[in-house]
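Colleague: I have the sequence and the model side by side, and I would like to learn how to read them. Please take me through some features one at a time.

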Amino acid sequence: MNIGIIGATGKLGNLLVEKLLDKGEKPIGIVRNKSKLVTNIPVIEKDIFNLTSGDIKGLDVLVNAFNAPLNDPKQFITSTEHLISILGGTKTRLVFAGGAGVLLVDEKTRLVDTPEVPAEFKPIAEAEVTAFEKLAKVKDFDWTYMAPPAVMDFDAPHTGRHAFSGNKLGVNESGKSFISYSDYADAFVEKIFNPENHSVVGVYD
């Protein structure tokens, strides 16, 4: 498969590159600075906002692992709007690294609307939800929105376990909504190859 990864030098993006290489794939890194790549893969050196339909034309899958700056969460929205504009009408499938805020904690309440989201992260969570709502309206290309649990830890060990919770917040037998970055990346790769199109896919351990 031809798989492009926006943000291939970030925490999640780098893990996805490693796991795809282990599967015999050769992903394309879409990065602002190719010197930060730690693996030898093909590169498109562009900012996400400068990507064009021509850049992604030959891709089967476009992974969005872009992470907006903490001081400018609106970029979650504007970057999603840009991706929607260049993917419209293409055969490229988008697999989107989203936020937990969109997940339901009961029949009507999203996580973003609960006290569980600390005040300092509220603007980020709200921007991610707004971005998702724009993506949710899209019908002219395929997409999958990968939503992590409430807590995702980069330094937590890889367990080889993950579970899917649809559009609901995943909670394990201990009552925790948690996963390591590496296990989340495993789940992400699984959905690259086995998509749930036009769906939110919650992940937890």
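Colleague: Which residue in β4 does I5 stand opposite?

Modeller: I5 faces V63 in β4. Strands (E, at least two residues) and helices (H or I, at least four) are DSSP runs, numbered from the N terminus. Before we go on: this is a predicted model, in which local features need pLDDT of at least 70 and side-chain atom pairs count only at pLDDT 80 or more, while totals for chains, interfaces and linings use all residues. Residues are numbered from 1 along each chain as its sequence is written, and side-chain values use heavy atoms, leaving out hydrogens and water.

Colleague: How many bridges join β1 to β4, and in which sense do the two strands run?

Modeller: Two strands pair if DSSP finds at least two bridges between them. Strand β1 and strand β4, which covers residues 61–64, are joined by four bridges and run parallel. β1 has a second partner in β2, again in the parallel sense, over three bridges. There, I6 stands opposite I30.

Colleague: Are the residues on the two faces of β1 buried or exposed?

Modeller: Here we use relative accessible area: under 20% is buried, over 50% exposed, and in between partly exposed, with a 1.4 Å probe and protein chains only. In β1, residues 3–6, both faces are covered. I3 and I5 lie on one side, G4 and I6 on the other, and all of them are buried.

Colleague: Which residues does I28 touch, apart from its neighbours in sequence?

Modeller: Contact means heavy atoms within 4.5 Å. I28 sits in strand β2. Leaving aside neighbours within four places in sequence, I28 contacts I3, G4 and I5, along with I41, P42, V43, I44 and L59. You can also look at C-alpha separation: I28 and N40 are 12 residues apart along the chain, and their C-alpha atoms are separated by 9.8 Å.

Colleague: Where is H82, and why does it count as buried?

Modeller: H82 belongs to helix α3. It counts as buried because its relative accessibility is 19%. Not counting residues up to four places away in sequence, H82 touches I48, F49, N50 and L51. T52, in the loop between β3 (43–45) and α2 (53–56), has its C-alpha atom 9.1 Å from that of H82, with their positions 30 residues apart along the chain. T52 itself is partly exposed, at 34%, and beyond its neighbours within four places it is in contact with K46 and I86.

Colleague: What is D205 in contact with, once its sequence neighbours are set aside?

Modeller: D205 lies in the segment after β10 (199–204) and counts as buried, at 16% relative accessibility. Neighbours within four places aside, its contacts are T159, R161, N172, F178, I179 and D183. In the loop between α5 and β10 you will find H198. H198 is partly exposed, at 32%, and has a positive phi of about 55 degrees although it is not a glycine.

Colleague: How much space lies in the largest pocket?

Modeller: On a 1 Å grid over the protein atoms alone, a pocket is an open set of points with protein on both sides within 12 Å along at least five of seven lines, a cavity is a set where a 1.4 Å probe fits but cannot get out, and lining residues have an atom within 4 Å of a point. Points are joined across faces, edges and corners, and a volume is the space filled by probe spheres set on them. The largest pocket holds about 1,400 Å³. Its lining has 47 residues, and N67, F76, I124, E128 and Y181 are the closest to its centre. At least two lining residues come from each of α1 (11–22), β2 (28–31), α3 (74–87), α4 (122–136), β7 (151–153) and α5 (181–193).

Colleague: How does that lining divide by class?

Modeller: Ala, Val, Leu, Ile, Met, Phe, Trp, Tyr, Cys and Pro count as nonpolar, Asp, Glu, Lys and Arg as charged, and the others, Gly among them, as polar. The largest pocket is lined by 29 nonpolar, 11 polar and seven charged residues.

Colleague: How many cavities of 30 Å³ or more does a search of the whole structure find?

Modeller: One. The largest cavity has about 70 Å³ of space. N64, F66, F76, S79, T80, F96, A97, G98, E128, A131 and Y145 line it. Two or more of these residues come from each of α3, β5 (93–97) and α4, with α3 giving the most, three. By class, the cavity lining has six nonpolar, four polar and one charged residue.
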